Amino acid sequence: MRKTKKILIIFLTSIAFQFAAFSILNWKADQLLNSSFRLDHAYSVDADLTNAEEFDLSYNNKYFSYVSNHQLYIIDLFRNKPVEFKENPFTAEAMMIGYKWLPDRNILIYVKNDIASQTSTLFSLDLDEISAPASGSRYEAKMEQIINFSMNQISDIQISTYTNNLYFIYSDQEKKRKIVRLDMMKNINRLDYQDEQVNAMVVSNRYGTVFLQTGRGPSKTIVSQLDRERTVLAEGEDNVLLGCQDNKIYIGKLKNNVLQSIRAVQTNAQGKAPQAQNLWQGEIPFDPVRIKIGTDDNVLIQGPRRLDRISNGNHNRINIGDGVIVLSDTGKMYMQITLNQGSFNYCWRLA
């Protein structure tokens, strides 16, 4: 009896010790990794988003970024504090015109226009270089490339880290939308055709295939492009390019700004041999802020105060109140932001 009681005491003590150790570790993890592990939990950050735009998240949701008055700001969501730069990389003489997170690491690239020289410069900022900045540590951007012409405004940047290619849709001084590629040798190549307007672009990170929605006069097409060779995937002005996963692209059909159907077009590694599959039919007002393609043919369409999700042929709508939502790169969750004076609150929600 005494032996059994002793074993029971040892067992209960061991369980209590393990529980206490687990609680401490869980608390520490929550302090360091709260934004990744806890859903529907409010966090506060001392940063003013009153005039902010171009919200985005890094690939693993560790960093939240936005633009305000042509300056880029980054929030470390594991620490809920703004990222501090070694020196302010943004000045009145060099306006930032576009930025993009890499799809598989915490590196951000951005482009600045130099007003005096009429050139554009590409910079990179590696936030994994300093995994846990100590007091006094600062991040510093690295200049990657001087582009010997001025991009008036960048509307989209896409990246294939497998091929080390960057793609820019930009407007020139005549407000014509063009596309260029910056390859791993830092050569710059134009990919658009003469008298062509490039309206939208997505890039397969894995294969480097470019999918474009272009227009030339009344003609509207969606094509895949590898180097200078193109394959037409859809024709007609009612088609809209939604996104891609590897070499599967998603095309919507519009009528009077209402999305009526979505189909997935699977291509080979060269963007050819398209095979289409209908995914959904219905009606969704199409005034998107952002579109994300998740795994298993999930399509997220973020509109004003709502989030529409297409999954397995079904449509589900999430109504969003006041504030801002930012979709994660995987399309499985989103960050819901409530603005305060001089600060903001956020929480993670499942999409």
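**Exercise 1. The lining of a pocket**

The residues that line the second largest pocket divide into 10 nonpolar, 5 polar and 8 charged. Keep in mind that this is a predicted model. Your task is to find how much space lies in the second largest pocket, which residues are closest to its centre, and which strand gives the most to its lining.

*Solution.*

Step 1. Start with the volume: the second largest pocket holds about 530 Å³ of space.

Step 2. Next, look at the middle. The lining counts 23 residues, and I109, S124, E144, N164 and L166 are the closest to the centre.

Step 3. Now turn to the strands. At least two lining residues each come from strand 7 (107-114), strand 8 (119-126), strand 9 (142-147), strand 10 (153-160) and strand 11 (165-171). Strand 8 gives the most, with 4 residues.

**Exercise 2. The sheet of strands 22 to 25**

Work out which strands stand at the edges of the open sheet with the order 22-23-24-25, and how strand 22 pairs with strand 23.

*Solution.*

Step 1. Read the order of the sheet. Its 4 strands run 22-23-24-25, and the pairing is antiparallel.

Step 2. Find the ends of that order. Strand 22 (290-293) and strand 25 (314-319) each have a single partner strand, so one side of each has no neighbour in the sheet.

Step 3. Add the geometry. Direction ignored, neighbouring strands in this sheet are turned by 15 degrees against each other on average.

Step 4. Zoom in on one pair. Strand 22 and strand 23 (residues 299-303) are joined in the antiparallel sense over 4 bridges. Within this pair, R290 stands opposite Q302, while I291 has I301 as its bridge partner.

Step 5. Close the pair with its hairpin. There are 5 residues between strand 22 and strand 23, and D296 takes a positive phi near 60 degrees there.

**Exercise 3. Strand 23 from both sides**

How many residues of strand 23 are buried, and which residues lie on each of its faces?

*Solution.*

Step 1. Recall the pattern that helps here: in a regular strand, side chains alternate between the two faces of the sheet.

Step 2. Count the covered positions. In strand 23, 5 of its 5 residues are buried.

Step 3. Sort them by face. V299, I301 and G303 are on one side, L300 and Q302 on the other, and all are buried.

Step 4. Look across to the next strand. Strand 23 is joined to strand 24 (residues 306-311) by 5 bridges, and the two run antiparallel. L300 stands opposite R309 in strand 24.

Step 5. Inspect the turn. The hairpin of strand 23 and strand 24 has 2 residues between the strands, and R305 in the turn has a positive phi of about 60 degrees.

**Exercise 4. A second sheet and the nonpolar cores**

For the open sheet with the order 1-28-27-26, name the edge strands; then say which residues have the most contacts inside the largest nonpolar core.

*Solution.*

Step 1. This open sheet has 4 strands in the order 1-28-27-26, with antiparallel pairing. Strand 1 and strand 26 are its edge strands, each pairing on one side only. From one strand to the next, the twist averages 30 degrees.

Step 2. Take the pair at one edge. Strand 1 and strand 28 run antiparallel and are joined by 3 bridges; V45 has F344 in strand 28 as its bridge partner.

Step 3. Move to the core. The largest nonpolar core has 19 residues, and F64, M335, I337, F344 and Y346 have the most contacts inside it. The strands that each supply at least two of its residues are strand 1 (43-45), strand 2 (53-57), strand 3 (63-68), strand 26 (324-327), strand 27 (333-340) and strand 28 (343-350).

Step 4. Do not stop there: a second, separate core has 16 residues, including L122, I154, F168 and Y170.

**Exercise 5. Positive phi in two loops**

Are D40 and H70 exposed or partly exposed, and where do D40 and H70 lie?

*Solution.*

Step 1. Most residues other than glycine have a negative phi. D40 has a positive phi, near 55 degrees, and the phi of H70 is positive too, near 65 degrees.

Step 2. Place them. D40 is in the loop between helix 1 (2-37) and strand 1, and H70 is in the loop between strand 3 and strand 4 (71-76).

Step 3. Apply the cut-off. Exposed means over 50% relative accessible area, so D40, at 53%, counts as exposed. H70, at 44%, counts as partly exposed.

Key: Residues numbered from 1 in each chain as written. Predicted model: local features only at pLDDT ≥ 70, side-chain atom pairs only at ≥ 80, totals over all residues. Heavy atoms only, no water. 1 Å grid on protein atoms, 1.4 Å probe; cavity = no way out; pocket = protein on both sides within 12 Å on 5 of 7 lines; lining within 4 Å. Points joined across faces, edges and corners; volume = space filled by probe spheres on them. Nonpolar A, V, L, I, M, F, W, Y, C, P; charged D, E, K, R; others polar. Pairing = 2+ DSSP bridges. Axes fitted to C-alpha atoms, helices over the stretch in contact; angles between N-to-C directions. Core = buried A, V, L, I, M, F, W, Y, C linked by side-chain atoms within 4.5 Å. Buried < 20%, exposed > 50% of the residue type's maximum accessible area, 1.4 Å probe, protein only.
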